[in-house]
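Biologist: I would like to learn how to read a model of this kind, feature by feature. Could you take me through one, giving the general idea before each case?

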Amino acid sequence: MSEKKQNFLVIWVLLAVFAALFALSITLWQISYIKLPDNVGTELTGEPLNEVIHRNSPYIQYAYLSPNADFPRKDKIRKITIHHMAGTMSLEKVGKNFANRDREASANYAVDINGKIGCYVEEHNRPWTSSSRENDHQAITIEVANDEKGGQWHVSDASMEALIELCADICRRNNIKEMIFTGNSDGNLTLHSMFSEKTECPGPYLTGKMPEIADRVNRKISEPVR
């Protein structure tokens, strides 16, 4: 066989190997994308709901686990990041939105206008919330319902109280000794707007309440557990 034909054959073999490896990588990616943990993509009741409550926060009253997450997260939980819904949605509506894979969005928790708490991504998994992979691998993310659309994007007193209780619970269970709000991403109490210039989330009202939230959460953390 001539040298020219040998070189031609080598090139074709290399191309065939590359194509096979590429096809294998695509197949493995599809398998990992399709294969999800048990109960993901469904509204939970009964024992599955109780198991989620046991693994996460005792304040959970509703759970609809989203497929839009990394299973598991790749970093230790060090932060809490606050978001707002930019509307008044029920926990069920939030669950249906986060179940839509085309939206590519989720959060660990949501708080409705009545102070009820839903879980959508378990704490040991990374939600797709803050426009920052690095932040979301470290943060528990919480969506809070608004009782006013536009303007200050106000939230109800019930939502605020539930948010503070949830944050304190998250800190206790994850050994976060203190919530620190610095006004930028250096603190461990952060906002969606710190990671994206395209949003003002969580709006003026919650943004202005962050120092108070940090203070009240810290007081609860320091209280003896009953």
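Modeller: Let us begin with the interior, keeping in mind that this is a predicted model. A nonpolar core is a set of buried nonpolar residues joined through side-chain atoms within 4.5 Å. Here the largest nonpolar core has 38 residues, and among its members Ile82 and Ile142 touch the most others. Helix H5, residues 157-173, gives the most to this core, with nine residues. There is also a second, separate core of 10 residues, which includes Tyr64, Met85, Ala107 and Ala110.

Biologist: Which residues does isoleucine 142 touch, once residues up to four places away in sequence are not counted?

Modeller: For such a list, contact means heavy atoms within 4.5 Å. Isoleucine 142 touches Ile80, Thr81, Ile82 and His83, and its list goes on with Tyr109, Val111, Leu163, Leu166, Cys167 and Ile170.

Biologist: How should I read the chain as a whole, and what pattern does it follow along the sequence?

Modeller: One starts with the order of the elements and then turns to burial and contacts. The chain has six helices and eight strands, and read along the sequence it follows the pattern α-α-β-β-β-α-β-β-β-α-β-α-β-α. Of its 226 residues, 45% count as buried, while the accessible surface comes to about 12500 Å², with 54% of that belonging to carbon and sulfur atoms. Among the contacts with a separation of 6 or more, 72% are accounted for by residues 24 or more positions apart.

Biologist: Suppose I turn to the pockets: how much space lies in the second largest pocket, and which residues are the closest to its centre?

Modeller: A pocket is read through its volume and then through its lining. The second largest pocket holds about 350 Å³ of space. It is lined by 18 residues, of which His84, Phe98, Arg103, Ala105 and Glu143 are the closest to its centre. Two elements, strand S3 (79-84) and helix H3 (91-99), give two or more residues to this lining, and H3 provides the largest share, with three residues. By character, the lining residues divide into eight nonpolar, seven polar and three charged.

Biologist: Where is serine 90 found, and is serine 90 buried or partly exposed?

Modeller: Position along the chain and accessibility are best read together. Serine 90 is found in the loop between S3 and H3, and serine 90 counts as partly exposed because its relative accessible area is 34%. Serine 90 and asparagine 114 are 24 residues apart in sequence, and their C-alpha atoms are 9.4 Å apart in space.

Biologist: What should I look for in the backbone, and which peptide bonds are cis?

Modeller: For the peptide bonds, one reads omega. The bond from phenylalanine 71 to proline 72 is cis, with omega near -5°, and proline 72 has its place in the loop between strand S2 (69-70) and S3. A cis peptide bond also joins cysteine 201 and proline 202, where omega is about 15°; proline 202 lies in the loop between strand S8 (189-191) and helix H6 (203-222).

Biologist: And which residues other than glycine have a positive phi?

Modeller: Asparagine 39 is one of them, with phi near 75°, and it lies in the loop between helix H1 (3-34) and helix H2 (46-55). Asparagine 39 counts as partly exposed because its relative accessible area is 32%. Serine 131 is another example, with phi near 65°, placed in the loop between strand S6 (126-127) and helix H4 (133-138). At 52% relative accessibility, serine 131 counts as exposed, because that class begins over 50%.

Methods
Residues are numbered from 1 along each chain as its sequence is written. This is a predicted model: local features need pLDDT of at least 70, side-chain atom pairs count only at pLDDT 80 or more; totals for chains, interfaces and linings use all residues. Side-chain values use heavy atoms; hydrogens and water are left out. On a 1 Å grid over the protein atoms alone, a cavity is a set of points where a 1.4 Å probe fits but cannot get out, and a pocket is an open set with protein on both sides within 12 Å along at least five of seven lines; lining residues have an atom within 4 Å of a point. Grid points are joined across faces, edges and corners, and a volume is the space filled by probe spheres set on the points. Helices (H or I, at least four residues) and strands (E, at least two) are DSSP runs, numbered from the N terminus. Ala, Val, Leu, Ile, Met, Phe, Trp, Tyr, Cys and Pro count as nonpolar, Asp, Glu, Lys and Arg as charged, and the others, Gly among them, as polar. Buried means under 20% relative accessible area, exposed over 50%, partly exposed in between (1.4 Å probe, protein chains only). Accessible areas come from the Shrake-Rupley method with a 1.4 Å probe; for residues, only the protein chains shown count as cover.
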